[in-house]
Amino acid sequence: MDAPGTYSAFDGSSRLFRGTFQEVVLKVKERLGRNENSSLLIFSDDTGKTMDFNFQGSVKDVLKRLEIYVSRQESAPSSGPGRPRLGVISREISLLPRHWEWLASQPGGASASLRKLIDEARRKSTGHVSIKQIQERAYRFMSVMAGDMKGYEEALRALYKADRRSFLLHTQEWPLDVRAHASEMAKPVFDAVP
């Protein structure tokens, strides 16, 4: 969820802003003013990754960089054979002979069959994020913001064991915003346990 999701900006252990990437970047720039050196960190709430962004210059400079950044995120590389005007990009896939034989026997050929299979799989998994993905995003956030705090390793173990009680116990001495954000990110893991 790098471009469309929500993002959170932290100054030290305090969460300052949450919103779209553009909203957060503009609020951070407003807060920084002319000061370009800061301990502010921006996290993707969907991936837990920190987002690098250059805040140098004026608001106008930042807006221009933001426009380029967002357009890069949205553009997909297209090269080689295919039908570029239709958005079709040719790529290589590896299948076993039995897979190629089955595909060849399908009406419409291999490409049409693969597209149908992929579309069906996408419909089934739309919006589904695995527990492992949720644990990984929480881990990324926690390692940056709480990696040297008391109870970090125990809280991490609790996250991967889906042990809410132990997680809350080992994060209770963390700064309020860090603890709250880590708990928000990990909540679906704990909610999935009966």
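**Questions about a predicted model**

Student: Is S39 buried, partly exposed or exposed?
Tutor: This is a predicted model, so let's work from its computed values. The relative accessible area of S39 is 48%. Buried would need a value under 20% and exposed one over 50%, so S39 counts as partly exposed.

Student: Where along the chain is S39 found?
Tutor: Look past helix α1, towards the strand at residues 40–44. That strand is β3, and S39 sits in the loop between α1 and β3.

Student: Which residues is S39 in contact with, leaving aside its neighbours within four places in sequence?
Tutor: A good place to start is D11, which is 28 residues from S39 along the chain. Even so, the C-alpha atoms of S39 and D11 are separated by 5.9 Å. With close sequence neighbours left aside, the contacts of S39 are F10, D11 and G12.

Student: How far apart are the C-alpha atoms of D46 and G5?
Tutor: D46 belongs to the loop between β3 and α2, and it is partly exposed, with a relative accessible area of 29%. Along the chain, D46 and G5 are 41 residues apart. In space, their C-alpha atoms are separated by 6.5 Å.

Student: What share of the contacts in the protein with a separation of 6 or more comes from residues 24 or more positions apart?
Tutor: The pair S39 and D11, 28 residues apart along the chain, is one example of such a separation, and D11 is among the contacts of S39. Over the protein, residues 24 or more positions apart account for a share of 53%.

Student: How far apart should the ends of helix α1 be?
Tutor: Helix α1 has twelve residues, 21–32, and we allow 1.5 Å a residue. The span is 1.5 Å times one less than the number of residues. The end C-alpha atoms in the model agree with the expected span, which is 16 Å.

Student: Do the buried residues of α1 lie on the same side or on opposite sides of the helix?
Tutor: The buried residues of α1 are F21, V24, V25, V28, K29 and L32. They cover an arc of only 135 degrees around the axis, which puts them on the same side.

Student: Are α6 and α7 roughly parallel or roughly antiparallel?
Tutor: Helix α6 covers residues 152–161 and helix α7 covers residues 164–171. They pack at an angle of about 160 degrees, with their axes 8 Å apart. Angles over 145 degrees count as roughly antiparallel, and therefore α6 and α7 are roughly antiparallel.

Student: Which residues of α6 and α7 make the contact?
Tutor: The crossing of these two helices is left-handed. From α6 come E154, A155, A158 and L159. From α7 come S166, F167, H170 and T171.

Student: What is the phi of A162, in the loop between α6 and α7?
Tutor: Most residues other than glycine have a negative phi. A162 is not a glycine, yet its phi is positive, at about 60 degrees.

Student: Which residues of α8 take part in the contact with α7?
Tutor: Helix α8 (residues 176–191) packs against α7 at an angle of about 170 degrees, with the axes 11 Å apart. That makes α7 roughly antiparallel to α8. On the α7 side, the contact uses R164, F167, L168 and T171. On the α8 side, it uses R179, A182, S183, A186, F190 and D191.

Note on methods: Residues numbered from 1 in each chain as written. Predicted model: local features only at pLDDT ≥ 70, side-chain atom pairs only at ≥ 80, totals over all residues. Heavy atoms only, no water. Helix = DSSP H or I, 4+ residues; strand = E, 2+ residues; numbered from the N terminus. Buried < 20%, exposed > 50% of the residue type's maximum accessible area, 1.4 Å probe, protein only. Arc of directions from axis to C-beta. Axes fitted to C-alpha atoms, helices over the stretch in contact; angles between N-to-C directions. Parallel < 35°, antiparallel > 145°, perpendicular 65-115°, else oblique. Left-handed = near helix turned anticlockwise from the far one by under 90°. Contact = heavy atoms within 4.5 Å.
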